[in-house]
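Thanks for making the time this morning. I would like to walk you through a few side-chain arrangements, so please bring the model up on your screens.

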Amino acid sequence: MSNIRKDGPYSWFYLTATSIVSFTIVGLGDSIGIIVAVFIDHLNVSNAKGGWIGSIVFFLGRALSPIVVYIHRRVGFRWCMFISSVLYGFSLCVTPFMTNINIVFLTYSIPFGSSLSIVATLSVITQREYFSKYFGFAVGVRYSANSIGAVVVSFILPIVLAALGYKMSFVSLLVFAPIILCYGFVARHHVHQDTESTERSGKSVINLYKEFLQDKSFTISLVAIAMYFFTCYIPIVFMVRYGVTLGYPLSKAKWLLIVRGLTSFVIRLIAGRFGDFALKHGKVKMVMQITFALFGVLNFMCSFLRAFPLLLVYMALIGIVEGVWWVTYSILVMEITGGYYFDEAFSLINLIGALSSLFGIPASGWIFDQTDDFRYVFYTAFGMSLLAALMLTISSHVRVDKELSLVEKSKRGKEEVPCELIADRNNLISESDIESKTKLVYETTV
């Protein structure tokens with residue numbers, strides 16, 4: 001097991017390193033709206049076609065989570081970061097020389113999305129190895145870092161493009177590749193014990209997924225999250241493009257992402273600690289219901305906006321709502337599963353959300369291309385978000401058999417452990433002692 005003292009000095013050092021890599025790599029991913037707009041103009045393609053660039057990146061960023069979790073447990077954190085840095089470097093070295101949008105999907109969207117998935121997934125789930133009491137706060141800091149990173153990148157990238165040109169701007173982003181490598185050497189946690197425990201229990205990942213879906217509350221919550229994912233990327237991917245279609249230059253339209261990033265940064269710092277409180281009192285799902293509903297209402301109101309100051313207000317409010325969503329997202333998984341195989345549950349929800357967003361982003365671009373009116377895109381977001389809030393409400397009232405409830409399974413796993421063995425993972429207990437005295441523990445650290 002890991003010999004890291006949770007919530008200790010090294011935990012905060014690791015969180016600092018996580019913040020740096022999130023600021024740069026994940027922040028660049030969150031600035032995809034700028035890059036999509038550049039690709040659409042440079043390659044002269046439609047909004048629907050260009051939307052697939054961002055859609056594939058976001059899809060892979062989440063859909064590969066199950067694979068990332070598996071590889072992480074097999075080869076370790078450092079090798080994962082090495083693979084991520086190689087994929088990141090390849091995407092930026094090759095893409096500037098491509099002139100066909102279909103080739104760009106292969107050279108940019110796929111490798112960059114894969115690299116992003118490794119960093120984005122592991123930078124969240126590994127916080128449980130370093131934090132217990134402040135897990136929610138740590139997740140909030142991690143998401144705050146990529147939020148402020150998106151602000152900085154959104155502000156600087158158009159300036160870099162104007163100064164260096166299309167090709168050299170991409171090449172210049174290679175400066176971030178060593179940061180991924182350094183992040184790999186910072187981690188001290190070990191994952192082999194979790195792998196062996198899973199194998200001893202006789203559970204494959206597929207069987208675990210089937211077990212998750214037998215919990216009706218979990219399944220309905222999963223559907224609600226998928227509905228929200230279908231439209232949640234509309235502001236970050238298309239608002240810059242929307243501002244350009246209204247006649248605002250890219251240098252001005254970029255402020256829509258910058259304002260969103262600033263408000264999201266502030267709220268994510270607060271939402272993390274608030275998430276810890278909500279989890280303690282079982283109110284995380286209620287928070288998410290309100291978040292989904294507010295996102296829908298804001299998009300409906302935006303359909304009436306044309307003035308740039310009002311668009312800035314809209315994006316500021318969207319930043320607040322998104323900030324709560326992204327920080328509380330992983331904490332919601334903790335609540336609906338009770339911590340029962342958290343990594344696998346988190347990766348499954350990421351996969352389903354990715355499949356939803358894969359079609360949601362191009363569908364939004366297609367709606368705009370067909371109607372030449374962004375209002376219908378906002379109406380779609382409004383309807384899907386309210387439906388997601390309704391489904392999440394239903395999931396709280398559905399009856400689940402105790403034998404199938406993930407939360408109950410988590411509780412039973414803890415009750416089967418003798419009191420003397422219920423210790424933090426920073427206590428070094430030998431594997432042989434564990435095997436001789438107890439069954440598999442489904443640990444939650446919150």
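**Aromatic pairs, charges and cysteines**

Let me begin in helix α1, residues 9–29, where Tyr 10 and Phe 13 both lie, three residues apart, which is about one turn of the helix. Please keep in mind that what we are looking at is a predicted model. Of the 48 aromatic pairs that the structure holds, this is one: the ring centres of Tyr 10 and Phe 13 are 5.4 Å apart and their planes meet at 55°, so the pair is classed as tilted, edge-to-face being reserved for angles over 60 degrees. Both residues count as partly exposed, Tyr 10 with a relative accessibility of 22% and Phe 13 with 44%.

Now to a second pair, Tyr 228 and Phe 295, whose ring centres are 5.2 Å apart and whose planes stand at 70°, so that this one is edge-to-face. Tyr 228 belongs to helix α11, residues 216–232, and Phe 295 to helix α14, residues 284–302, so the pair ties together parts of the chain that are 67 residues apart in sequence. As for accessibility, Tyr 228 is buried, at a relative accessible area of 0%, and Phe 295 is likewise buried, at 0%.

Rings also come together with charges here. The charged end of Arg 142 sits over the ring of Tyr 143, at 4.4 Å from the ring centre, while Lys 252 lies over the face of Phe 308, with a distance of 4.9 Å to the centre of that ring.

Another arginine deserves a careful look, namely Arg 260, which is found in helix α13, residues 250–280. Is Arg 260 buried or exposed? With a relative accessible area of 2%, and with buried meaning under 20%, Arg 260 is buried. What is Arg 260 in contact with, once its neighbours within four places in sequence are left aside? The contacts are Asp 30, Ile 236, Arg 268, Met 315, Gly 319 and Glu 322, so anyone inspecting this buried side chain has two acidic residues, Asp 30 and Glu 322, on the list, together with another arginine, Arg 268.

Finally, the cysteines. How many disulfides does a search of the whole structure find? The search finds zero. Among the cysteines, Cys 93 is partly exposed, with a relative accessible area of 38%, whereas Cys 302 is buried, with a relative accessible area of 0%.

Terms used
Residues numbered from 1 in each chain as written. Predicted model: local features only at pLDDT ≥ 70, side-chain atom pairs only at ≥ 80, totals over all residues. Heavy atoms only, no water. Disulfide = S-S within 2.5 Å. Buried < 20%, exposed > 50% of the residue type's maximum accessible area, 1.4 Å probe, protein only. Helix = DSSP H or I, 4+ residues; strand = E, 2+ residues; numbered from the N terminus. Contact = heavy atoms within 4.5 Å. Phe/Tyr/Trp six-rings, centres within 6.5 Å; stacked < 30°, edge-to-face > 60°. Lys NZ or Arg CZ within 6 Å of the ring centre and 35° of its normal.
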